[in-house]
Amino acid sequence: MHFLVRNKYGGLLTEKEIGKEVIINGWVNKRRDHGGLIFLDIRDRSGIVQVVFDPGEKESFKLAQKVRSEYVLAVKGKVRKRPKGTQNPQLKTGNIEIEVKEMQVLNKSAALPFELGEADKVSEKLRLKYRFLDLRRKRMKGILELRHKVVKTVRGFLDENGFREIETPYLTKSTPEGARDFLVPSRLTPHTFYALPQSPQLFKQILMVCGFERYYQLARAFRDEDLRSDRQPEHTQIDIEMAFITEEDIIKLAQSLMLKTFEIIGVKASFEEMKYDEVIERYGSDKPDVRYDLKIFDVSKVFRNSEFKVFSQAVAKKGSIKGLKVEGGGQLSRSELDGIVDKAVELGAKGLLWLVKKDSLYKSPVAKFLSDEELKGLTKATSAKKGDLILLAAGDTKLNLDILGQLRPILAKQFNLIGEGFKFLTIIDFPLFIYDEEEKRLKSHHHPFALPKKGSIKLIEDEPLKVIAHAYDMVINGVEVGGGSLRIYDSVLQQRIFSALGISKKEADKKFGFLLEAFKYGAPPHGGIAFGLDRLVMLLSGSETIRDTIAFPKTQTGADLMTGAPDAISAKQLKELHLKTD
């Protein structure tokens with residue numbers, strides 16, 4: 001079908017085009033009838049422009065009477081200045097309009113399931129089902145435009161720094177040491193499976209063995225795990241690897257990349273750097289939001305000999321008494337204070353004690369059990385002032401830190417403590433291992449290929465939880481946007497790590513044999529980092545969820561409401577794949 005092909009983008013028209021004949025193509029954003037005239041706002045990728053239909057142009061006017069929202073039109077007409085008093089300062093084209101001479105309806109639209117201008121008032125499920133409509137909205141288009149700018153900036157920065165973009169396979173080998181793999185049955189090799197990569201980790205290390213030295217990729221990663229607002233079963237990461245470098249080299253480059261990226265939205269900042277142990281002790285989390293203070297304190301010494309057994313016994317059992325102080329938080333009602341306690345219990349705490357500072361006393365259910373000397377010690381240790389709220393957790397230190405770390409952002413939101421802007425944090429010196437209480441075994445904190453620091457290699461067998469890794473994370477406003485490490489490049493050391501994790505030599509050869517084989521042929525010192533592109537764009541755009549930063553995301557149950565995936569497959573397909581279902 002022949003149609004009037006545009007020669008101008010409507011949203012880019014200016015007063016310079018007044019008097020010129022133009023053709024625009026786009027969608028009907030809004031329709032209005034006024035005093036015999038019909039006004040349409042036509043939207044294309046560049047923005048919106050108003051077009052006017054006069055009854056004198058009978059054929060076009062007749063067509064315009066039948067036009068509705070989201071019809072696709074081609075419009076030909078003359079640009080003119082809007083009459084005085086009708087300008088729209090909210091539009092870039094608000095001083096002009098197009099007097100229509102000819103119009104074609106290129107396609108009609110069914111009745112909309114929701115008005116695009118009111119999409120924020122409908123459920124996210126409805127928007128995701130009709131994602132092709134949702135993405136027509138200015139905000140959603142703006143987020144994906146921003147994502148494009150981020151990708152362009154990243155590619156430009158890395159190219160300027162000597163990196164080469166190299167793609168790695170999507171169909172690879174299952175190496176279950178982390179989240180669950182998405183598995184793909186092989187038709188050509190019955191009863192065997194590919195795995196979709198959780199990251200390009202092993203391939204990028206092999207690329208360093210290949211001698212490329214500086215690699216990057218905008219890699220798709222797939223993880224079959226429970227979803228949250230900042231996770232998806234498939235996501236995109238900015239994957240970087242370098243050879244012949246130090247930890248400081250990678251951190252410096254990664255920080256520069258992040259700061260360059262945030263310049264897109266006009267933000268200039270710098271990174272604070274902290275060690276893992278310090279971060280956990282201060283904030284109870286390895287991804288703290290440092291836009292607000294609210295640091296965890298320790299008053300174990302103040303109460304170690306207390307008559308209040310909850311406190312003294314906690315210290316005696318080698319636990320601790322940790323707390324948070326909320327300045328001015330004492331104005332809460334008793335029910336609101338109890339609500340905070342209930343929340344702590346919900347998070348896993350055995351209890352939480354609150355105290356409100358009065359003039360020289362404290363209001364608290366436990367105040368009567370505490371001596372004047374202890375309360376003075378608490379005041380001195382916390383610098384508490386009248387009206388401040390103190391929350392105390394007594395017991396296992398790890399649990400105390402975990403609970404208070406989870407309470408920090410909740411309290412910050414409740415008391416409006418979160419400042420504007422962005423705070424950038426680099427965390428270094430992560431432990432190489434963590435102990436999984438449920439599985440009763442060691443696990444890698446990052447992954448089993450992170451290089452332990454030289455001074456702690458000797459501790460791998462006897463005191464593994466004291467081994468420190470050349471590992472680092474980057475956190476912005478409490479969101480972990482990137483993480484990485486130097487890598488092990490010696491097969492003997494790698495086997496020691498595998499052994500500590502309970503992975504036998506036979507199992508290691510089966511899972512990672514191709515990597516270990518590559519190490520035999522001259523592996524260089526190397527390391528890298530990966531950033532979550534979706535999370536990064538979420539921060540830059542001020543979105544609440546990464547689903548808004550992905551064109552076609554999944555729900556929290558892993559469903560694509562637009563396509564209906566995942567879905568059943570036919571008996572023929574199952575037979576071809578040598579699969580049976582119950």
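Lys322 of strand β13 has Ala393 as its bridge partner in β16. On β12, Asp298 stands opposite Lys322. The model is predicted. The points below cover β13 with its two partners, then an open sheet of eight strands.

**Strand β13 and its partners**
- β13 and strand β16 (residues 389–395) run antiparallel and are joined by seven bridges.
- Strand β12 (residues 297–298) is also antiparallel to β13, with two bridges between them.
- Seven of the seven residues of β13 (residues 320–326) are buried, so the strand is largely enclosed by the rest of the structure.
- Ser320, Lys322, Leu324 and Val326 point one way from β13, while Ile321, Gly323 and Lys325 point the other way; all are buried.
- In a regular strand, side chains alternate between the two faces of the sheet.

**The eight-stranded sheet**
- The strand order is β6-β9-β10-β22-β21-β20-β17-β11, and the pairing is mixed.
- The edges are formed by β6 (164–165) and β11 (271–275); each has a single partner strand, so one side of each lacks a neighbour in the sheet.

**β9, β10 and helix α5**
- Nine bridges pair strand β9 (residues 214–222) with strand β10 (residues 234–243) in the antiparallel sense.
- Within this pair, Tyr215 has Glu241 of β10 as its bridge partner.
- Helix α5 (residues 201–210) packs on the sheet and touches β9, β10 and β22 (526–532).
- The direction of α5 makes about 25° with that of β10.

Methods
Residues are numbered from 1 along each chain as its sequence is written. This is a predicted model: local features need pLDDT of at least 70, side-chain atom pairs count only at pLDDT 80 or more; totals for chains, interfaces and linings use all residues. Side-chain values use heavy atoms; hydrogens and water are left out. Two strands pair if DSSP finds at least two bridges between them. Helices (H or I, at least four residues) and strands (E, at least two) are DSSP runs, numbered from the N terminus. Contact means heavy atoms within 4.5 Å. Axes are lines fitted to C-alpha atoms, for helices over the stretch in contact, and angles run from 0 to 180 degrees between N-to-C directions. Buried means under 20% relative accessible area, exposed over 50%, partly exposed in between (1.4 Å probe, protein chains only).
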